[in-house]
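Colleague: Please take a close look at one part of this model, a spot where the backbone does something out of the ordinary. Then set that part in its surroundings, in plain terms.

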Amino acid sequence: MTDKKVLVEAHRGFCVQYPENTLPAFEAAMALGVDGVELDVRLSADGVPMVIHDATLNRTCGVEGKVTDLTLDQLKALSAHYPGKFGQRFADGTVKIPTLEELLQLRAKKRPDLLLDVELKQTSPEYVDAVVGLLRQYQVLDYCCFFTYDAPVVEYTKKAHGVRTMGFPDFNMRNFGPDSYAFYDEICLSVAQAKSEIFPIYEAKGLPMQMYVADNEQDAAICIEKGAALIMANDPVPLLRVLGRL
């Protein structure tokens, strides 16, 4: 199976081998030859966009606290080694929570064609403006798709910035309204949803479909068969193999 029209995306970087949402994970994904990466962004207490999924630091760094309560300097003093998953393998203090700007600098150096799926983890207009503004500053908005589980944030992002947006099926979303689909450029479906009886409902929306996460060859083949334009994977290797790209 060699449909190269299907884009391959590393979910939070190559996160089966490296701590998710860190520069080593993103750099390893780039080296694999993926088309894009998915990442999550939250603001530090002093307003710096940081690449991290969770609101708290327990899973990422093994410490108590909230990302938004700590400054950039305080967050950078932590080790993002994901102790519950990797134990002490990355606990030498060299793996940090990256800023969004650090990821953009790495991208510019290593893979200036890399696509970015940016999950907006907070809901305020000021937060969205800060994240989109930094990506605009680096002139990468044409490579970006912004998504979230909050329907009004999708709407605000589309109306305020005119960028490419994505959401999930209505029942997965918060605050979904009667016209919320009008602000979607793409729709994101899980592998389980692609396999289920509800799939035709969302296929009929006529939107490009992203699917997540296909970490084995069987799931990758199903997503391709179902017409995914882009497939996310924690481990992109099986997907790349199915597509004949290794």
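Modeller: Tyrosine 82 has a relative accessibility of 4%, and because buried means under 20%, tyrosine 82 counts as buried. The model is a predicted one, and the values below are computed from it.

The backbone is what singles this residue out. Phi of tyrosine 82 is positive, about 50°, although the residue is not a glycine. Tyrosine 82 sits in the loop that runs between helix 3 (72-76) and helix 4 (83-86). A loop residue with a positive phi is thus combined here with a buried position.

Glutamine 139 makes a useful comparison. Its phi is also positive, near 60°, and glutamine 139 is likewise not a glycine. Glutamine 139 belongs to a loop as well, the one between helix 6 and strand 5. The surroundings are another matter: at 72% relative accessibility glutamine 139 counts as exposed, because the cut-off for exposed is over 50%. Tyrosine 82, by contrast, counts as buried.

Glycine 162 also has a positive phi, near 65°, and follows helix 7. That helix covers residues 151-161, and its buried residues are Ala151, Val153, Val154, Thr157 and His161. Viewed down the axis of helix 7, these buried residues fall within an arc of 165°, so they line one face of the helix. The packing partners of the buried residues are strand 4 (115-120), helix 6 (125-137), strand 5 (144-147) and strand 6 (165-167). Helix 6 and strand 5, two of these partners, are the elements on either side of the loop that holds glutamine 139.

As for the whole protein, it contains 11 helices and nine strands. Its C-alpha trace spans about 45 × 40 × 30 Å along the principal axes. For 246 residues a compact globule would have a radius of gyration near 18 Å, and the 17 Å of the protein agrees with that. Buried residues make up 52% of the 246, and tyrosine 82 counts as buried. Among contacts with a separation of 6 or more, 54% join residues 24 or more positions apart.

On the outside, the protein exposes about 10600 Å², of which carbon and sulfur atoms supply 51%. There are 25 positive and 34 negative side chains, and the centres of these two sets lie 3 Å apart.

To return to the part in question: tyrosine 82 is a buried residue in the loop between helix 3 and helix 4, with a positive phi of about 50°.

Methods
Residues are numbered from 1 along each chain as its sequence is written. This is a predicted model: local features need pLDDT of at least 70, side-chain atom pairs count only at pLDDT 80 or more; totals for chains, interfaces and linings use all residues. Side-chain values use heavy atoms; hydrogens and water are left out. Helices (H or I, at least four residues) and strands (E, at least two) are DSSP runs, numbered from the N terminus. The radius of gyration is taken over C-alpha atoms; the globule rule is 2.2 Å times the number of residues to the power 0.38. Buried means under 20% relative accessible area, exposed over 50%, partly exposed in between (1.4 Å probe, protein chains only). Contact means heavy atoms within 4.5 Å. Accessible areas come from the Shrake-Rupley method with a 1.4 Å probe; for residues, only the protein chains shown count as cover. Lys and Arg count as positive and Asp and Glu as negative; His and the chain ends are not counted. The place of a charge is taken as NZ of Lys, CZ of Arg, CG of Asp or CD of Glu. The arc is that of the directions from the helix axis to the C-beta atoms.
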